[in-house]
Amino acid sequence: MQVKNILQRKGNEVISVSPQETLHETAKVLRENKIGAVLVREGGGKMVGVISERDLVIAIAKHGGNVLDNKVAEFMTEGVYTCSLDDDVKAVMEKMTSRRIRHLPVVDGENIVGIISIGDAVKQRIAETEAEAEALKAYIATG
């Protein structure tokens, strides 16, 4: 299965914030959308980073609660890894696990067409495994 199968199931909405937004505003966006990370985009839509719940927790732990008034640009992760629509889900899971990242923007050329989480990838792999098991059971039953 491919990443495009995940996006077909979950949709391709991409939530993003500006590098100039505060960490507090970003925390609200995460909560309101029930997500763990958002892309950071400049005005023209260019992705410049990602900021996650983990980034917020690290910032608060290091600098205290007043850090929530600081800008996203100070704490976002730059150099974001991405995947493509045609990437194999298993390979994407391995990339996420080895690099210890939980969210990957999905790109099609220069365009961001979605974002997937490790949970999305695991859910897809479980569905694949269950479908394979059912197919084997049906094959055995007819054989």
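Is Ala91 buried, partly exposed or exposed? At 41% relative accessibility, Ala91 falls in the partly exposed class, because that class runs from the 20% limit for buried residues to the 50% limit for exposed ones. I shall return to its surroundings in a moment.

Good morning. The structure under discussion is a predicted model. The average pLDDT of the protein is 93, and 99% of the residues reach at least 70. Confidence is highest in helix 2, at a mean of 97, and lowest in helix 5, at 87.

Let me begin with helix 4, where Ala91 is found. This helix spans residues 89-99, and its buried residues are Val89, Val92, Met93 and Met96. These residues lie on the same side of helix 4, because the arc they cover around the axis is only 100°. Their cover includes helix 1, strand 4, strand 5, strand 6 and helix 5.

Both ends of this helix deserve a remark. At the N-terminal end, Asp88 acts as a cap, with a side-chain oxygen 3.1 Å from the backbone nitrogen of Lys90. Just after the helix comes Arg100, with a positive phi of about 60°. Arg100 belongs to the loop between helix 4 and strand 5, and at 65% relative accessibility it counts as exposed.

Why is a positive phi worth pointing out in a residue that is not a glycine? Most residues other than glycine have a negative phi. Lys34, likewise not a glycine, has a positive phi of about 50°. Its place is the loop between helix 2 and strand 2, and with a relative accessible area of 78% Lys34 is exposed.

I turn now to the interior. The largest nonpolar core comprises 15 residues, and those with the most contacts inside it are Val17, Leu23, Val38, Val40, Ile51 and Val72. Helix 2, strand 2, strand 3 and helix 3 each supply two or more residues to this core. Helix 2 gives the most, namely 3 residues.

Which residues does Val17 touch, leaving aside those up to four places away in sequence? They are Thr26, Val29, Val38, Leu39, Val40, Arg41, Ile51 and Val72. Apart from this core lies another, of 14 residues, including Leu104, Val106, Ile118 and Ala121.

Finally, a distance, to return to the opening residue. Ala91 and Ala59 are 32 residues apart along the chain, and 31 Å separates their C-alpha atoms. Thank you for your attention.

Technical notes:
Residues numbered from 1 in each chain as written. Predicted model: local features only at pLDDT ≥ 70, side-chain atom pairs only at ≥ 80, totals over all residues. Heavy atoms only, no water. Buried < 20%, exposed > 50% of the residue type's maximum accessible area, 1.4 Å probe, protein only. Helix = DSSP H or I, 4+ residues; strand = E, 2+ residues; numbered from the N terminus. Arc of directions from axis to C-beta. Contact = heavy atoms within 4.5 Å. Polar contact = N/O pair within 3.5 Å; in protein donor to acceptor, adjacent residues only side chain to side chain. Core = buried A, V, L, I, M, F, W, Y, C linked by side-chain atoms within 4.5 Å. pLDDT = per-residue confidence, 0-100.
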